[in-house]
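Subject: Structure handover

Hi there,

Here is the structure I promised to pass on to you. My notes on what turned up in it follow just below.

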Amino acid sequence: MSDVSAASPATSVAATSAAVPPMVLAEQVSKSFGSNEVLKSISLSVAKGEVMCLVGPSGSGKSTFLRCINHLEVVNGGRLFVDGELVGYTQKGDTLYELQPKQAAAQRREIGMVFQKFNLFPHMTALENVIEAPIHVKKQPKALAIARGKELLDRVGLTDRMGHYPAHLSGGQQQRVAIARALAMDPKLMLFDEPTSALDPELVGEVLDVMKGLAQSGMTMIVVTHEMGFAREVADSLVFMDGGVVVETGVPREIIANPQHARTKAFLSKVL
Amino acid sequence: MTDSRPQAKPLATGSSPSLEASASSGPIRAVKLKHPWRNVIAVVIIIFAVLFVLDASQRTAYDWPSVGKYIFDRRVSEAALNTLQLTVYSMIIAVTLGIILAVMRLSPNPVFKSVAWFYLWVFRGTPVYVQLVFWGLLAIIYQSIDIGIPFMQPWASFQTTAALNTFTLAVIGLALNEAAYMAEIVRAGLMAVDRGQEEAATALGMTWFQTMQRVVIPQSMRVIIPPTGNEVISMLKTTSLVTAVPYSFDLYTRTRDISAETFNPIPMLLVASIWYLFFTSILMVGQYFLEKRFARGVGDRKPEKSEKVSLATGVLSTVPDSTGALPLPIADKNGGDSR
């Protein structure tokens, strides 16, 4: 976690990229739905290979922030960079230009996203779900996509479920297919939006195990979660958000053991 | 890997509190609930039906010999074929146009939205009969059809009457009217697909068009097909209005023309009805198979079927397929399914 000063975007990118450019860099990002300001000047950065957990009460803006990163939501203010590239816009001089839908799609394919409700395509089998985007977005040869898809499903422990439709998979299995589907696009960043919140308690572990394995393989991950155990064990950094602002950031173990802020304390006392 | 079959455990624990059941622990043997009134009502209905049929078979007004004579009359069977062609062609155009209009209405583009809305307003807001009369008068309103740049010498020019015969005009008239209704059916289907599906596809980097084509439309088919089957059957019968164009070689107009010669309308009505019923029956069978095809992954798909596919991965290589047939290799299965 490096705190970003409110300098102009160009200079701050240059400053941070001097060493290793961060995978995600948010500079005073704000977002409102109508008059409801959901994100208020969020500034944070995620280094390559870092696993960051975003925690906070519901309505604190964590999911919205995640969705801004792959441009599912359009940012109202500030700048958001993924791997040094401005999300959703191109900048020429002082003017921002909205990206063409195709360019935006190209940005998104570099970012994997896993949803709370899995959002698997129900009319496709597990394997078909995984190979869909590689074949139709990346234009990979079918044989290659299938081989890679099988490998990924194998990796998430679903070797014997490749031909199953999502309706015949448990929630945990569906979420693991969803992770494999996102990984099939070879993303440089993975976003998890409360990946275990819709799961039965006994199925949470199998999904967290897959995510842990992914973290250990060096994937950059931003995880919105209520699983404090996962945050403590796997995450490199923890960000506590409330009311659209970052309240506290730091090393998970320290924050969880010794929260500095009253709101963090209050929240942790409820979830721990 | 835990193969979780959620129903297994709760069932076992759920039955244990009942001491009676756990004591015998075998399958329950109980006297089945009787429905005596069902049988009584069924018998009464059957009696009435038999009486009606017996009566109808002897009534001279139905003139069954004439029905038998005309049912396979060349003029009638040709007219039946014409009706079928009118239905099929106009439905194909209507479904295609309906999908386009529905997608336009739901697109973020305000121009597309307005055009689709205007189309619906006009074609849904006027009777199909009136529209057919209008199409019949097309040649009077526009004597020639010019292709080219406006206010310039056209590249090509056709006489309307020569370019469009009454059959074509009938198809156009029926199709354009039906497209307005299909658009609403398709729109309902598209909106029935969970928003998360679109989001997941977008997050994977699919374009809006790919998302529609690969993810949203295939799923909406399940919702779209039953009312569309309804529309096809409705269209089959609406073709009897093409006499307004005037196109007179469809089933109803043709049989009526014949009865105008024979002064015996009732058997000809029966002939027409039998043909219409025959076609609708076939269409219903077709609808059944289409619904099954698009119910993939939802509803009552048999689990054994997917089990069979998983066998192909070579992991669960324990039980051979009961039919003795080799399970489909997974790659082939995908090849067959993804188109």
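At the start of H13(B), a side-chain oxygen of Asp250(B) comes to within 3.3 Å of the backbone nitrogen of Tyr252(B). Please keep in mind that this is a predicted model. The helix itself covers residues 251–262 of chain B, and its 12 residues should span 16 Å at 1.5 Å a residue; the end C-alpha atoms lie 17 Å apart, which agrees. Leu251(B), Thr253(B), Thr255(B), Ile258(B) and Ser259(B) are buried in H13(B). What do the buried residues of H13(B) pack against? Their partners are helix H4 (64–71), helix H5 (74–106) and helix H14 (265–293) of chain B. After H13(B) comes Phe263(B), with a positive phi near 55 degrees.

Stepping back to chain B as a whole, its secondary structure comes to 16 helices and two strands. Of its 339 residues, 35% count as buried. Among contacts in chain B between residues at least 6 apart in sequence, 69% join residues at least 24 apart. Chain B exposes about 21200 Å², and carbon and sulfur atoms supply 67% of that area.

You may like the nonpolar surface patch of about 760 Å² on chain B, made by Tyr129(B), Val130(B), Val133(B), Phe134(B), Leu137(B), Ile140(B), Ile141(B) and Tyr142(B). Helix H7 (128–136) and helix H8 (138–141) of chain B are the elements that give two or more residues to the patch, and H7(B) gives the most, with four. Ile140(B) belongs to helix H8 of chain B; with a relative accessible area of 61%, Ile140(B) is exposed.

There is also a contact between the two chains to look at. Arg214(B), in helix H12 (residues 208–238) of chain B, makes a side-chain polar contact of 2.6 Å with the side chain of Glu132(A). Is Arg214(B) buried or exposed? Its relative accessibility is 12%, so Arg214(B) counts as buried. On the other side, Glu132(A) is one of the buried residues of H4(A), a helix (residues 126–136) in which 11 of 11 residues are buried.

Still in chain A, Gln175(A) sits in helix H6 (residues 171–183) and is buried, at 0% relative accessibility. Leaving aside neighbours within four places in sequence, Gln175(A) is in contact with Val114(A), Phe115(A), Gln116(A), Phe118(A), Pro195(A) and Val207(A).

Now for the salt bridges, which come to 22 over all chains. Three of them are worth opening in your viewer:

- Lys188(A) and Asp83(A) meet at 3.2 Å, N to O. This pair links distant parts of the chain, 105 residues apart: Lys188(A) is in the loop between H6 and strand E9 (189–193), and Asp83(A) in the loop between strand E4 (77–82) and strand E5 (85–86) of chain A.
- Asp242(A) and Arg263(A) meet at 3.5 Å, N to O. Asp242(A) lies in strand E11 (residues 237–242) and Arg263(A) in helix H10 (residues 262–271) of chain A, so the pair ties together parts 21 residues apart in sequence. Asp242(A) is buried, at 18%, while Arg263(A) is partly exposed, at 37%.
- Arg195(B) and Glu198(B) have their closest N and O atoms 3.7 Å apart. Being three residues apart in helix H11 (residues 195–203) of chain B, they are separated by about one helical turn. Arg195(B) is exposed, at 55%, and Glu198(B) is partly exposed, at 26%.

Finally, salt bridges that share partners join Lys48(A), Asp83(A), Glu110(A) and Lys188(A) into one network.

Happy viewing, and all the best!

Key:
Residues are numbered from 1 along each chain as its sequence is written. Chains are lettered from A and ligands numbered from 1 in the order in which they are written. This is a predicted model: local features need pLDDT of at least 70, side-chain atom pairs count only at pLDDT 80 or more; totals for chains, interfaces and linings use all residues. Side-chain values use heavy atoms; hydrogens and water are left out. The expected span of a helix is 1.5 Å times one less than its number of residues. Buried means under 20% relative accessible area, exposed over 50%, partly exposed in between (1.4 Å probe, protein chains only). Contact means heavy atoms within 4.5 Å. A polar contact is a pair of N or O atoms within 3.5 Å; within protein, one must be able to donate a hydrogen and the other to accept it, and residues adjacent in sequence count only if both atoms are side-chain atoms. Patches are made of residues with over 30% relative accessible area and no salt bridge: like charges are joined within 9 Å, nonpolar side chains (Val, Leu, Ile, Met, Phe, Trp, Tyr) within 5 Å. Accessible areas come from the Shrake-Rupley method with a 1.4 Å probe; for residues, only the protein chains shown count as cover. A salt bridge is a side-chain nitrogen of Lys or Arg within 4 Å of a carboxyl oxygen of Asp or Glu.
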